[in-house]
Structures are given as structure tokens and as C-alpha cells.
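Here are my notes on this model, set out as numbered points to be read beside the sequence and the coordinates. They begin with a term that one of the helix contacts requires.

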Amino acid sequence: MTSIEIFGIEFKNPVITASGTFSQDYEEFFPLSKLGGICTKGLTLNEKEGNTGIRIHETTGGLLNSIGLQNPGVDNFISKELPQMENYDTVIIANVGGSTVEEYIKVIEKLNNTNIPLIELNISCPNVKEGGMAFGIKSDIAFKVVTEVKKVCKKPLVVKLSPNAENILDMAYKCCEAGADGLSLVNTFSGMAIDIENKKPVFENVIAGLSGPCIKPIALRMVYEVSKIVNIPIIGVGGIIDYKDALEYIMAGASAVQIGSGNFIKPSISLDIINGIEKFVKEENIKSIKEIIGIARR
Amino acid sequence: MKPKQYKGIVLSNINIVDNIYELKIIGKFKGNPGQFYMLRSWDLEPFLSRPLSICNIEEDALTFLYEVRGKGTNILSNLRNGDSIYLLGPLGRGFPLDNRRKVGIVAGGIGIAPMIYLCKSLNGNIDFYGGFKEKPFYMDKIEKYIDKLYISTDSGKEGYKGFITDIFNLEKYSTVYTCGPIPMMEKIKYICEKRDISLYISMEKHMACGVGACFGCSIKTTSGIKKVCKDGPVFKGEEIIFRD
């Protein structure tokens, strides 16, 4: 009842764990095969150590992070982490980061040779100094990036949008025009915090990415608006901590959802969300999740 | 030892001294000295759980010793007998137990928290060095497990007046364990390195997930970037870089 086919891929339920917030370490708390999908950390061409200084800072209703795409690099991921991930009966989504179009292309060429069925292109990381973020702000630049990436990408491509885009509707439209197979909305919001004792910004990069329940109403609005103007599947992400949040995104127009910061509250939160959705669907006598995608818009 | 999620019940939560509290949770728990649990006794504020190292594990209770520093620990300090609390653990890598010869333990302030369980597990042959600001605490709990106790206070009210590192005499130790303020641990590392003594340092860092997924607590070490929650919190002395 909760299974859904998007991008020609069968998801056993619409719940996916979001990039950078989840790893195989969670297998200790619940069977990862229960998940609809797992999105990997942002993969870059070479290993990245990430940012120095403070990396996380709590805010009311969420947290700011400035991890800086720490990851083992795509080759190490493919040889060391992927084989184990493939043991789980769930959809693996490779999140691709990078600071140049050339880097995106090189990473994707490597991923083309794996069994990973779906790629999520991160054009919106606020925590990497060069590039990356600019791609996610200006829709004309995003159009070019997605067009180039689509030329080499042999898997369905989901573009993860930044809420910091100058115009989220134009951004979504252009990515769609450039051939994106889907969109995930949204990445973290640019934010900051100041340490009043040191009288300095908390983060070395000054700006960090805000996530958590505090962003949910804005992210939900973006999903709602974007889903009105595009005809490709949307993955809703931003501050989901229970099944009700997840259903709101689905009713706003998302075909699936991602759980990010919520994983930090409780490692098995995604399982609670899956069970909650299943119960709701049963009680409401809904035959397929498809029936309620975007239902609030009609 | 596989970590688990638990719903625990508070046995007691006592204000030991100043802003130091002892929290006991009812039940049979597992864990090694130096490992920690993530705790939360609130819904969404603060957003993250709080990592606290295991202070002691007894037949029927798990003990934490913590200092009230912010929102989370302040909420913890209001817990009463019978209240429920969410726990996740045991997490991380603890202290390797090595007491073939004499062991020195150097702890500062709330850094004594993981050392009680370490002393208990080491089975004797321990000298304990405890550094405090004003008033030593919990030393009565530690005395029965150790040979010799050295105390220092900043004020000189009890024990030596000054830093514990001033009176740390490493002549006799094959292994040293330390936890506490960075300057103290840095000094201990410096002393141990000169003498080629095995040193284990327990690091503290703000954490989000606590299980190794988010890279929020990463630190640069001599063996690359490490996660305090998963690769630590206990590291070999030579791995820790206190300043670049």
C-alpha cells in the first residue's frame, strides 16, 4: 500500500534517509532493508576532510551545520562502502557533490559503472567555499550544470535544490527543462550564529546550513509551489520528524520524502515514520500512496 | 557490544556539589569504561541528545556524572525518581584496560566521570590524580579502587594549590589515562611523550548523531580525520593534535 514507483524504480515505501545524516552505522538500531531508500553522503571526486572549527550548532527547533562535505571520495565509496550497502534490500541513491561541472561529471562517470539505480545531484551545498552553492542560487547556471551532467549520466537524475535559490520556481523549472528526472526540495537554509563571548561568528565559514523542524513550513511551501509547475517527481525534505510531517509533504506534492536531522533525535525515527504512514493509509482506506500525492493542491 | 535504544527510568538524580549531578538509571545496562550514552529527557528542545560517559555500571543501575552547562544538562538536572528518559548506547570506543604494571589516572573537574568505572574495571594498581576548581567531589567513591590519591584545587582549599599536572609524578607508570580540560590533557601528553609512556586521552566534542553518521564531531588526528563518537572518544595519546 505504501510502495511507490518513481523514476522507474520500485520503492517499498516513500521514506528515504537524507544525505549526510545517515550511514550503515544505523544498522545497529533497525534493519535498513525496511527503508524505502538510503541516500549516501555527498560524494566528491577526491576524499574531503571537511571543515575545521565548530561543525554543528544547535538552534531553536533545529541545528546549523558546517561539515563541508567530508567524505572518502567516490572511488573509496565504491570499493569500500557500497558493497556492504548493497546487501540491504533498499534503493541506494548516490548523492553527488562537487565544486565544478567537470568534477560532477567525473564522479557520475564512475557511478555509471555501479548498480546504483539513482543519482541525486547536490547543486546546493552551502558549506563548500568554491562553487557548489552558486550553482544552486542562479537558475541559468543550474540549467547549464544539469544539461552537462545529463549528457553523461546513465541513471535517472534527481537535482537537489537549495532553498537559497534566487527564485525557487524558476530554478525548479530550469532544472526540469535541462532534463532532470526529479527534484528534491530542499537542502539546508543559509544561516549563522554568533558567539557573544568571543564576539565572533560560531563557524569559521561564517555561514552554515540550517535544518530541522524549524525549516519545515518553508520547505513544505516550496514543495507545494514547485509541484504545481513541474511534472517530474519531487522528493520532499526538510524538518520531517514524524509520519504527519511526511504525509504533509506527500499531500503537498512529493512522491517520496527524506529524513535528515530527525535521525539525530532517534536513530530508528524513519521506521516510526514508515509505520505511521502505513497505519494512516490503512485507516483512511487509501489503496496507493499515489492517491494522496498532491491531494492538498487539488 | 551492540548499542541499543532504551527507555529508562530515573532512580535518583543528586546534586553532588556546585553544578555537578549524579544521575542513576534503573536497570541492567552494558558498556565499557570510556564509552558513552546519548541521553534525552525532552521532546524537541534542545534538538539534540546529550552525550554522557558511563560513570558506573552496577547490577541494577547505570550512573552518569554530569556538569550543568546549558539547556540540555539543565533539563537533566531537574529529573526526579520515576521520570523516564531515552537512552542510546553504549557508544564509541572506551579505554583499553592495561594494568600489567602501575597505572596513572589524571582527571580534571567533570573529567573524573568516566574514571570511576575505569578504576573499578582495572582491578587495582592505580594512582589517581584529581584536579578541581574549589571542592573535590566523588573521591570517596574512587578511594576503594586505588592505591594512592593525589588532589589539587585551584583555591588550595583542599590538596595541593595549583594544577594537578604540577604534582603528576610519572616515574612509575606504564600506562596513563586522562580526561578533563584541554590544557591539562595537553600537558599530560607532553610529559608522557618524553618518557614513552602509553597514554589514552578521552576527548569531548559536541555531537549530533552520536553513532558515526554526521561527521559533526570530527577531529584532525595524526592518523587522519577521526570521529570522536565512533573512533573515540578515547584515543591513543600520540593521535591527538591539540594545536596545529
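1. Helix axes are here lines fitted to C-alpha atoms over the stretch in contact, and the angles between them run from 0 to 180 degrees between N-to-C directions. With that in hand, and bearing in mind that this is a predicted model, one can say that helix H7 (residues 243-252) of chain A and helix H9 (residues 269-283) of chain A have axes that come within 8 Å and cross at roughly 65 degrees. The crossing of H7(A) with H9(A) is right-handed. On the H7(A) side the contact is made by Tyr243(A), Ala246(A) and Leu247(A), which meet Ile273(A), Gly276(A), Ile277(A) and Phe280(A) in H9(A). Sorted by character, the residues of this contact comprise six nonpolar, one polar and no charged.

2. For the overall form of chain A, the secondary structure consists of nine helices and 16 strands. The radius of gyration of chain A is 18 Å, close to the 19 Å given by the globule rule for 298 residues, so chain A is as compact as a globular protein of that length. The C-alpha trace of chain A spans about 55 × 45 × 40 Å along its principal axes, and buried residues account for 54% of the 298 residues. If one takes the contacts in chain A between residues at least 6 apart in sequence, 72% of them join residues at least 24 apart.

3. Which residues of chain A does the UniProt "binding site" annotation cover? According to that unreviewed entry they are Ser19(A), Lys41(A), Gly42(A), Asn95(A), Asn122(A), Lys160(A), Val186(A), Gly212(A), Gly238(A), Gly239(A), Gly260(A) and Ser261(A). Lys41(A) lies in the loop between strand S4 (37-39) and strand S5 (56-59) of chain A, and it is buried, because 24 other C-beta atoms lie within 10 Å. Once residues up to four places away in sequence are set aside, Lys41(A) touches Ser19(A), Gly20(A), Asn71(A) and Asn95(A).

4. Gly212(A), also covered by that annotation, sits in the loop between strand S14 (208-211) and helix H6 (216-229) of chain A. Is Gly212(A) buried or exposed? Gly212(A) is buried, since 27 other C-beta atoms lie within 10 Å. Apart from neighbours within four places in sequence, Gly212(A) is in contact with Gly61(A), Gly62(A), Leu63(A), Gly239(A) and Ser261(A) of chain A, and with Phe47(B) of chain B.

5. In chain B, the unreviewed UniProt entry lists Cys209(B), Cys214(B), Cys217(B) and Cys229(B) under "binding site". These cysteines span 21 residues in sequence, yet no two of their C-alpha atoms are more than 10.0 Å apart, so they gather at one spot. Cys209(B) is placed in the loop between strand S13 (198-202) and strand S14 (218-221) of chain B, and the place of Cys217(B) is likewise in the loop between S13 and S14 of chain B. Cys209(B) counts as buried, with 29 C-beta neighbours inside 10 Å, and Cys217(B) is buried with 25 other C-beta atoms within 10 Å.

6. The contacts of these two cysteines deserve to be listed separately. Leaving aside neighbours within four places in sequence, Cys209(B) is in contact with Asn263(A) and Phe264(A) of chain A and with Cys214(B). On the same footing, Cys217(B) is in contact with Lys205(B), His206(B), Met207(B), Lys227(B), Val228(B) and Cys229(B).

7. The unreviewed UniProt entry also assigns residues 3-97 of chain B to "domain: FAD-binding FR-type". Over residues 3-97 the chain is 7% helix and 51% strand, and the end C-alpha atoms are 20 Å apart.

8. Returning to chain A, helix H5 (residues 168-177) has Ile168(A), Met171(A), Ala172(A), Lys174(A), Cys175(A) and Cys176(A) buried. The buried residues of H5(A) pack against helix H4 (139-152), strand S9 (157-161), strand S10 (182-185) and H6 of chain A. After H5(A) comes Gly179(A), whose phi is positive, near 110 degrees.

9. Lastly, Asn112(A) belongs to helix H2 (residues 101-112) of chain A, and it counts as partly exposed, with 13 C-beta neighbours inside 10 Å. Asn112(A) and Lys155(A) are 43 residues apart in sequence, but their C-alpha atoms are 6.9 Å apart in space. Beyond residues up to four places away in sequence, Asn112(A) touches Lys154(A) and Lys155(A).

Note on methods. Residues are numbered from 1 along each chain as its sequence is written. Chains are lettered from A and ligands numbered from 1 in the order in which they are written. This is a predicted model: local features need pLDDT of at least 70, side-chain atom pairs count only at pLDDT 80 or more; totals for chains, interfaces and linings use all residues. UniProt positions are given in the numbering used here, feature names are shortened, and annotations may be inferred rather than shown by experiment. Helices (H or I, at least four residues) and strands (E, at least two) are DSSP runs, numbered from the N terminus. A residue is buried if 20 or more other C-beta atoms lie within 10 Å of its own, exposed if 12 or fewer, and partly exposed in between; C-beta atoms are placed from the backbone. Two residues are in contact if their C-beta atoms, placed from the backbone, lie within 7 Å. The radius of gyration is taken over C-alpha atoms; the globule rule is 2.2 Å times the number of residues to the power 0.38. A crossing is left-handed if the near helix is turned anticlockwise from the far one by less than a right angle, and right-handed if clockwise. Ala, Val, Leu, Ile, Met, Phe, Trp, Tyr, Cys and Pro count as nonpolar, Asp, Glu, Lys and Arg as charged, and the others, Gly among them, as polar.
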